[in-house]
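Work through the exercises below with the sequence and the coordinates open. Each task is followed by a solution in steps.

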Amino acid sequence: MPISFTLSPAQQHLQSISRSFAQKHLSTARSLYHGLPNAKARLNATRHIVAAAVKAGFISAQVPQHLGGPDGGGNTPLLDAAIMVEEFYAVDSSVPIAILGASLGLMPIYIAGTPEQQKEFLAPFLKKEGTPLACFSFSEPSGSANYNTNPKLTTAYIDRDELVINGSKLWASNAGGWDYRGPDITTLVCRILPSRGHAIPENVSIVVITREDIARNPESAFSAWDEVETLGFNAVSGPAVKFTNLRVPRSRQIGEIGQGPALVSASFTGSAAIVGAMACGIMRTAFESALEFCKKDARGGKEPIIAHQSVADRLIEMKTKLETSRLLTWKAAHAFDVSRGADREGCYMAKIYASEAAVEVVRLAMAVVGMESFAERQPYPQLMRDAACLPIFDGGNVGVRRRELQMMFEEEEYDPRGMAFGGVKPVEKAASKEVNGK
């Protein structure tokens, strides 16, 4: 069968409806949240857009079909998500994160939840009504590159039939929910202790916290506040949160004690390719805006500036980086899909390459447009602020993503040609010791 980069009819339809949604709902989003005083206010200014996404099925579509998600999905869910994300990110960089948070926040439940847990926790995201939010609560105020050995990692000690949670998190998207009393579902990375103060290094785990759990506790058990203003993604809410003896049922534990690192890795691998798609959306807008400017504006000369080779050279470099980033992202997502998550290398590479290319593409766009690109009426200042976040966002390229590739390269069984020629074999879910903890 020949190699083809042509989208299937279903993928073309997905691209079309995603583009239409972005133009209808996301194109005006920035005018709604720009200038508001804090992330909470900016998030809430876009709540009706999230409601529209829920109604349109963009939230329920993130739930796998075998867990109740909609029929009609293909066999390439990550590739399909990448196609959708590029369309969203070409228009707005903040609101899509509230929408896409369901996929990352619910991923540990998809992978390791019991049927009972899956039925209970996924229900709000399948109804196509309301504005449900999910959060993968991972990052610690002290940093998370070495979270599994961090002695300050959030803890949950066992007290009979309950888990008692103490600690703090920062940067996790949707962590406060709409009213800063918690999202519908939080999947919390923490260290489960057999008793208060009893530390074991191999017990990093995942615990679900529902909004109802928070409501049942004293108000002081959960607090959230806007601690920092961010360079980009300005309507994304990733507040500081603190847990103080927050009690949840023991049944909220997902998977086995100690399975947390495997679930963290599995959850963040697919999301790496999604960051590649985010970068493609930003690069696409930067390139197309610069191209239009260069074709129309002579900057006081006799002909549009695209006629100058130095300008054209930069446009060529921009377009090449965009196309190579998209191809790498699509290849990575496809390989991840067909290998059922075994082929991880491309996802890490797509995140690193595309996120760093996005910064350079926006810089080149500003170079050809010149001083006018500094003006806030132009798209470039916001594009640059957002692009600069991508190499750090979703696992920093230096502290996390390059280390993941380094560890792959160090493995005895690593095949340097596997990614190029599809040599990574699918693994059966039941046979995956790392993910299933068996």
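**Exercise 1.** Determine whether helix 12 (residues 380-389) is enclosed or open, and identify what covers it.

Solution. The model is a predicted one. Step one is to count: seven of the ten residues of helix 12 are buried, so this helix is largely enclosed by the rest of the structure. Step two is to name them: Y380, P381, Q382, L383, D386, A387 and C389 are the buried residues of helix 12. Step three is to look for the cover, which includes helix 2 (29-33), helix 9 and helix 11.

**Exercise 2.** Place N234 in the chain, classify its exposure and list its contacts.

Solution. N234 sits in the loop that runs between strand 6 (222-225) and strand 7 (240-249). Its relative accessible area is 14%. The cut-off for buried is under 20%, and N234 is therefore buried. Leaving out residues up to four places away in sequence, N234 touches R42, S94 and Q382. Of these contacts, Q382 is also one of the buried residues of helix 12.

**Exercise 3.** Describe the nonpolar cores, starting from the largest.

Solution. The largest nonpolar core has 105 residues, and F21 and L106 have the most contacts inside it. Helix 9 (residues 260-296) gives the most to this core, namely 18 residues. Next, take F21 by itself: beyond residues up to four places away in sequence, F21 touches L26, I49, A52, A53, F58, F88 and I99. A second core, separate from the largest, has 21 residues, among them A172, A175, L188 and V207. As background, nonpolar side chains tend to be buried together in soluble globular proteins.

**Exercise 4.** Locate S20, classify its exposure and compare its sequence separation from E87 with the distance in space.

Solution. S20 belongs to helix 1 (residues 9-26). With 44% relative accessibility, S20 counts as partly exposed. In sequence, S20 and E87 are 67 residues apart; in space, their C-alpha atoms are 8.9 Å apart.

**Exercise 5.** Examine the backbone of W171 and R340, and state where each residue lies.

Solution. Start from the background: most residues other than glycine have a negative phi. W171 has a positive phi, near 85 degrees. W171 lies in the loop between strand 3 (162-169) and strand 4 (185-193), and at 47% relative accessibility it counts as partly exposed. Phi of R340 is also positive, near 55 degrees. R340 is in the loop that links helix 10 (309-338) and helix 11 (345-369).

**Exercise 6.** Characterise the protein chain as a whole: its elements, dimensions, burial, contacts, surface and charges.

Solution. First, the elements: the protein chain has 15 helices and eight strands. Second, the dimensions: a compact globule of 438 residues would have a radius of gyration near 22 Å, and the 22 Å of the protein chain agrees with this. Along the principal axes, its C-alpha atoms fill a box of roughly 80 × 50 × 40 Å. Third, burial: 52% of the 438 residues count as buried. Fourth, contacts: among those with a separation of 6 or more, 77% are between residues 24 or more positions apart. Fifth, the surface: the protein chain exposes about 20,100 Å², with 56% of it supplied by carbon and sulfur atoms. Last, the charges: there are 46 positive and 46 negative charges, and their mean positions are 3 Å apart.

Notes
Residues are numbered from 1 along each chain as its sequence is written. This is a predicted model: local features need pLDDT of at least 70, side-chain atom pairs count only at pLDDT 80 or more; totals for chains, interfaces and linings use all residues. Side-chain values use heavy atoms; hydrogens and water are left out. Helices (H or I, at least four residues) and strands (E, at least two) are DSSP runs, numbered from the N terminus. The radius of gyration is taken over C-alpha atoms; the globule rule is 2.2 Å times the number of residues to the power 0.38. Buried means under 20% relative accessible area, exposed over 50%, partly exposed in between (1.4 Å probe, protein chains only). Contact means heavy atoms within 4.5 Å. Accessible areas come from the Shrake-Rupley method with a 1.4 Å probe; for residues, only the protein chains shown count as cover. Lys and Arg count as positive and Asp and Glu as negative; His and the chain ends are not counted. The place of a charge is taken as NZ of Lys, CZ of Arg, CG of Asp or CD of Glu. A nonpolar core is a set of buried Ala, Val, Leu, Ile, Met, Phe, Trp, Tyr and Cys residues joined through side-chain atoms within 4.5 Å.
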